[in-house]
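Reader: I should like a close look at a single part of this model, chosen for its place in the fold. Please set out its surroundings in one connected account.

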Amino acid sequence: WRQCLAIGLDSHFLTCRQVTPVMKTQRAGSIINISSTAGQLGYGRRTPYAAAKWAVIGLTKSLAIELGPYGVTANAICPGSVRGDRMDRVIAAEASARGVATEEVDAEYTLAQSIARFVEPQEIADMCAFLASPRARVVSLQLLASRSSHSCSAGSPFSPASSPSLA
């Protein structure tokens, strides 16, 4: 729990605490935090992760309100499933916990994407570049999801029926 919050939330807070005095003085800047759709919707079997990402959203919104008068914007990118080593580990753990093949879980995650594919890391970088650009100087207090939402249909890895409770 603490390690997940330290990485997923404290890192954002500590970084913002370091850069905001400079941004306030120069009366300009852009804070771009990385949250997750898990922070918007919750995530079964990943409660510490979802809680940290949920808190990043609250931190970002509060910073946008607090720093807006200084010309500083704050937004959060909330990616869905991003292709890469981390997602491979999540899929393998999910498959192991459910006793199914990793290919089955990978297919379920893919089907749960509104864009029917995993997000590429470069696409997240492109969103950050836009938010940091002058073209986005009036974009603040926003959550930018890289796809709509997880499917919560029966059998989905995000379905309450397929996720054990903490109780």
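Author: A residue is called buried when its relative accessible area is under 20%, exposed when that area is over 50%, and partly exposed in between. The model is a predicted one, and the part chosen here is strand β2. Every residue of β2 meets the criterion for burial: 7 of the 7 are buried, so the strand is largely enclosed by the rest of the structure. As background to that result, 37% of the 167 residues of the protein chain count as buried.

The burial of β2 extends to both of its faces. On one side stand Val72, Ala74, Ala76 and Cys78; on the other stand Thr73, Asn75 and Ile77, and these too are buried.

The setting of the strand is as follows. The protein chain contains 6 helices and 3 strands, and from the N terminus on its elements follow the order α-β-α-α-β-α-α-α-β. The strands make an open sheet, ordered β1-β2-β3 and paired in the parallel sense. The edges of this sheet are β1 (29-34) and β3 (143-145), each of which pairs on one side only. On average, neighbouring strands are turned by 25 degrees against each other, direction ignored.

The two pairings of β2 may be taken in turn. With β1, the strand pairs in the parallel sense over 6 bridges; with β3, the parallel pairing runs over 3 bridges. Ile77 of β2 takes part on both flanks: Ile34 stands opposite Ile77, and in β3 the bridge partner of Ile77 is Leu144. Ala76 also has a bridge partner in β3, namely Leu143.

Helices cover the sheet as well. Helix α1 (residues 2-26) lies across β1 and β2, and runs at about 165 degrees to β1. Helix α6 (residues 121-132) packs on the sheet and touches β1, β2 and β3, its direction making about 155 degrees with that of β1.

The strand also belongs to the hydrophobic interior. The largest nonpolar core has 13 residues, and Val72 and Ala74 are among those with the most contacts inside it, together with Leu9, Ile31, Leu63 and Leu67. The elements that give two or more residues to this core are α1, α3 (47-67) and β2. Of these, α3 gives the most, with 6 residues. Another core, of 10 residues, lies apart from it; Ala38, Tyr43, Ala50 and Phe118 are among its members.

The surroundings of Ala74 show how distinct stretches of the chain meet at β2. With neighbours within four places in sequence left aside, Ala74 is in contact with Ile31, Thr60, Leu63, Ala64, Ser140, Leu141 and Gln142. For the protein chain as a whole, residues 24 or more positions apart account for 69% of the contacts with a separation of 6 or more.

At the start of the strand, Val72 is one of the residues touched by Lys24 of α1; the others, not counting residues up to four places away in sequence, are Leu67 and Tyr70. Lys24 and Leu67 are 43 residues apart along the chain, yet their C-alpha atoms are separated by 7.3 Å. Lys24 is itself partly exposed, because its relative accessible area of 31% falls between the limits of 20% and 50%.

Beyond the other end of the strand, the loop between β2 (72-78) and α4 (85-98) holds Ser81. At 3% relative accessibility, Ser81 counts as buried. The side chain of Ser81 is joined to that of Gln113 by a polar contact of 3.2 Å.

A last point concerns the cysteines. Cys78 is among the buried residues of β2, and elsewhere Cys16 is buried, with a relative accessible area of 5%, whereas Cys128 is partly exposed at 22%. The structure holds 0 disulfides. In summary, β2 is the strand between β1 and β3 in the order of the sheet, with both of its faces covered and two or more of its residues in the largest nonpolar core.

Terms used:
Residues numbered from 1 in each chain as written. Predicted model: local features only at pLDDT ≥ 70, side-chain atom pairs only at ≥ 80, totals over all residues. Heavy atoms only, no water. Helix = DSSP H or I, 4+ residues; strand = E, 2+ residues; numbered from the N terminus. Buried < 20%, exposed > 50% of the residue type's maximum accessible area, 1.4 Å probe, protein only. Contact = heavy atoms within 4.5 Å. Polar contact = N/O pair within 3.5 Å; in protein donor to acceptor, adjacent residues only side chain to side chain. Core = buried A, V, L, I, M, F, W, Y, C linked by side-chain atoms within 4.5 Å. Disulfide = S-S within 2.5 Å. Pairing = 2+ DSSP bridges. Axes fitted to C-alpha atoms, helices over the stretch in contact; angles between N-to-C directions.
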